[in-house]
Amino acid sequence: MKTLYYHQFKLVGHTYFLAATAKGLAFVGSADGDLKELSDFYLDVQLIEDEARLTKIATELEAYLSGKLEKFDVKLDISGTAFQESVWEALEQIPYGQTRNYTQIAEEINKPKAVRAVGSAIGKNPVLMVIPCHRVVTKTGKIGQYRGGVVMKESLLSLEGHLK
């Protein structure tokens, strides 16, 4: 059974559950989300409360949410299907303050007909903000879906100067 170390941090007016393995960051929850979000994401794990293991990423997240950090420097320990991982890698290439649409991501991973599957893979991103899935919008520029909710996505895009 996999062990996840977790803690709930208050950052820039919201609470976030963060979790990591001994190898790296495994989960960033939604703004004001609860522990159930983590438990639903990782079904068969042992959860151990451990603030110290997560202090570095919490500090980086606070800097990002305060507009003082554009790129995270934290080791990840996440896994998905080969398709999901290719989508997540494409998301990591979207620069701060820019957006892409689902079709562009599908084309970038050489699966131009897999637009819906791209959306599904984005929804399975376990580390919100760190892998910037909030930077993906619809072809018409609308916000679209987001695991953390539309308000959180709008807030992140606004923080990065994309929304006025």
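1. Strands E2 and E3 make a hairpin, with 4 residues lying between them. The two strands are antiparallel and are joined by 3 bridges. Within this pairing, Ala19 sits opposite Phe27 of E3. Note that the model is a predicted one.

2. UniProt, in an unreviewed entry, assigns residues 18–78 to the feature "domain: Methylguanine DNA methyltransferase ribonuclease-like". Across residues 18–78, helix accounts for 30% of the chain and strand for 20%. The C-alpha atoms at the two ends of that stretch are 13 Å apart.

3. The largest nonpolar core has 37 residues, and the members touching the most others are Leu18, Val28, Val87, Leu91 and Met129. At least two core residues come from each of strands E1 (2–11), E2 (14–20) and E3 (25–28), and likewise from each of helices H2 (55–65), H3 (82–92), H4 (102–108), H5 (115–123) and H6 (150–159). Helix H2 gives the largest share, 5 residues. Domain 1 (1–64) and domain 2 (80–158) each contribute at least three residues to this core.

4. Met129 deserves its own entry. Setting aside neighbours within four places in sequence, Met129 contacts Tyr16, Val28, Leu61, Tyr64, Leu65, Phe72, His134, Tyr146, Met152 and Leu156. One of these partners, Val28, is also listed with Met129 among the core residues that touch the most other members.

5. There is also a second core, separate from the one above and made up of 9 residues. Its members include Tyr6, Ala26, Leu38 and Tyr42.

Terms used
Residues are numbered from 1 along each chain as its sequence is written. This is a predicted model: local features need pLDDT of at least 70, side-chain atom pairs count only at pLDDT 80 or more; totals for chains, interfaces and linings use all residues. Side-chain values use heavy atoms; hydrogens and water are left out. UniProt positions are given in the numbering used here, feature names are shortened, and annotations may be inferred rather than shown by experiment. A nonpolar core is a set of buried Ala, Val, Leu, Ile, Met, Phe, Trp, Tyr and Cys residues joined through side-chain atoms within 4.5 Å. Buried means under 20% relative accessible area, exposed over 50%, partly exposed in between (1.4 Å probe, protein chains only). Domain bounds come from an automatic or database domain assignment. Contact means heavy atoms within 4.5 Å. Two strands pair if DSSP finds at least two bridges between them.
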